[in-house]
Amino acid sequence: MKRLIERSRSVGEVLRWVTQNPGKVSASHYPIALHKLGQLLQQGLAAGGRESRGPGQVLEQPEFQTLCQAIIGGCAKFDNFSIVNCLYAAAALGLPGESPLVRVLEEESRSRLGRFNQKDVSMVFSSEANNKALEAIFSSQLFYENRQERFIRSMAEWLPRKAENLTPYTMALIAKYVARHRLREPRLLDTIANFLLKRGEQLDSKVIQKLVFPFSRMNYRPSNHSELFPKLEAILEQKAGSSPLATVNILMSMFQLSHFPQSVLHQVFSPAFITNVMSSPYALIVRRYLSLLDAAVELEFRDYSGPRLDPRYRVLMFEHALTADEANRKYSYKGLVAEALRQLVGEECYRQDEVLPPGYCTDFLLWINRSGTVLPLSRVPAASKAPPAHAAPSPAAISLRSSACGDATLCPRRVVLSVNDKWHYCQNSDILVGSRAMRDRHLRLLGYCLVQLPYTELEKVSGIEEAKHYLRQKL
């Protein structure tokens, strides 16, 4: 039957083979028939011959209706492959979304999403254009937790074309997927940015924060940022108080991209805003974010002259390692580095998992003198051990600190060893995610010397002896 369908030379011939031999037609034959019909219609349209009728006229034929009813009646028993291919072929054939065949196939596909593999889901998405179907797909936990390179490349092609017809909720789900998998794909990110630029005024702050997050997560300034960022500032000025947590989240994203909206800062550091958030259920998390924003203003936005966060509200942004680092501990190179460092310099010469103001967790903190010797903590002056203030030390301050020390060997540099595992980078990239990049900027501005240990180098290290040699070279 498959060969007979594939060798058919006209729409009528395909329909006759399928409708007049029901006993010999299996589930796998229906998508083949739909695909063949699509090919013949395309050939007919190109040639301007008898087959140049289009799907609308094919729908009117009794034989085609019989074919559709056979698929509708039996699709519940079809395997996943046949369901997906029927839907894909129906879309390629140009059948309208409201046709009974497409509706039934979409409903059956949505009910099976949890059992579909990534290729099946990709084909379903390519076949459907309505928001309800997209929401179902991107809400699927199986789909959300998995990533497939082929699908991502495909998504970068079709998302710009479909974005205009998507709802904010659907686009927010797509943004969540992009952020979850750290996809630094300019076409995807720019599409989200263009959607945000066009629809921003109609969106509430909670949706905007979801659409903005992928940019900071991927440390990516969208191509329209010169228009988008001022627009976001204007929107935040109007809506800052309506959803304080969302406002602070959006500000954090913009700060990670080194953009500092002064007028919005005036609002979030105002007594009215602070009083509002301190009496809310999410007071602690907002205090953490505001504390980090305040430190960032001190370090990176020296021209700011507006209100600042009252010192009594300042807290550490994080008190321990990030959740992602804890969850991925068994995949981290941190354990290898810790053991190599212990053997190389001794446990008395470093601190592990030290949290430094304004709340950044460091992997390893060491003090190294001018001659390159790692110092035991007992030999480090108390003034050097004390965490630095928010303000970045000026060159003058550094030189004064050095000259005030009688013994140059006791004026150590604070060195942070940073184990950058795979999840600290954007996918398939050597670019650190935005939060990690901002952490590194701030630690340098606070006077720390950062030594990066990227996973691409660590994965080439074999055993403790090689790890010790690698660390010796780095230090």
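The charged end of K162 sits over the ring of W158, 5.6 Å from the ring's centre. A similar arrangement turns up at R414, whose charged end sits over the ring of Y448 at 5.0 Å from its centre. Both come from a predicted model, so please read every value below as computed from that model. The chain has 475 residues, 51% of them buried, and it holds 26 helices and four strands.

**Overall layout**
- Contacts often reach far along the chain: among those between residues at least 6 apart in sequence, 72% join residues at least 24 apart.
- In soluble globular proteins, nonpolar side chains tend to be buried together.

**The nonpolar cores**
- The largest nonpolar core has 75 residues.
- Those with the most contacts inside this core are L196, L211, F215, F255, L265, F269 and L290.
- Helix α19, covering residues 283-300, gives the most to this core, with eight residues.
- L290 touches V248, V268, F269, I274 and L309, leaving aside residues up to four places away in sequence.
- There is also a second, separate core of 29 residues, which includes V11, L41, F78 and L95.

**One face of helix α2**
- Helix α2 spans residues 11-19, and its buried residues are V11, V14, L15, V18 and T19.
- Looking down the axis of α2, these buried residues fall within an arc of 110°, so they line one face of the helix.
- The general background is that an α-helix has 3.6 residues a turn, so residues three or four places apart point the same way.
- V11 also has a place in the second core, alongside residues including L41 and F78.

**Aromatic pairs**
- The structure holds six aromatic pairs.
- One of the aromatic pairs is Y350 with F364, an edge-to-face arrangement with 6.0 Å centre to centre and 70° between the planes.
- This pair links distant parts of the chain, with Y350 in strand β1 (residues 350-356) and F364 in strand β2 (residues 360-368), 14 residues apart.
- Are these two partners buried or exposed? Y350 counts as buried because its relative accessibility is 10%, and F364 is buried as well, with a relative accessible area of 0%.
- Elsewhere, F255, F260, F301 and Y304 form one aromatic cluster.
- F255 from that cluster is also listed with the residues that have the most contacts inside the largest core.

**V419 and its surroundings**
- V419 lies in strand β3, and it counts as buried because its relative accessibility is 2%.
- Which residues does V419 touch, not counting residues up to four places away in sequence? They are S332, Y333, K334, V337, D363, F364, H424, R436, L453 and L458.
- F364, one of these contacts, is the ring that pairs edge-to-face with Y350.
- L458 is another of the contacts; the C-alpha atoms of V419 and L458 are separated by 8.8 Å, although the two residues are 39 apart along the chain.

**Q427, a buried loop residue**
- Q427 is found in the loop between β3 (413-420) and α24 (434-445).
- Q427 counts as buried because its relative accessible area is 13%, which is under the 20% cut-off.
- A polar atom of the Q427 side chain lies 3.4 Å from the backbone oxygen of H181.

How values were computed: Residues are numbered from 1 along each chain as its sequence is written. This is a predicted model: local features need pLDDT of at least 70, side-chain atom pairs count only at pLDDT 80 or more; totals for chains, interfaces and linings use all residues. Side-chain values use heavy atoms; hydrogens and water are left out. A nonpolar core is a set of buried Ala, Val, Leu, Ile, Met, Phe, Trp, Tyr and Cys residues joined through side-chain atoms within 4.5 Å. Buried means under 20% relative accessible area, exposed over 50%, partly exposed in between (1.4 Å probe, protein chains only). Helices (H or I, at least four residues) and strands (E, at least two) are DSSP runs, numbered from the N terminus. Contact means heavy atoms within 4.5 Å. Rings of Phe, Tyr and Trp (its six-membered ring) pair if their centres lie within 6.5 Å; planes under 30 degrees apart count as stacked, over 60 as edge-to-face and the rest as tilted. A charge sits over a ring if NZ of Lys or CZ of Arg is within 6 Å of the ring centre and within 35 degrees of the ring normal. The arc is that of the directions from the helix axis to the C-beta atoms. A polar contact is a pair of N or O atoms within 3.5 Å; within protein, one must be able to donate a hydrogen and the other to accept it, and residues adjacent in sequence count only if both atoms are side-chain atoms.
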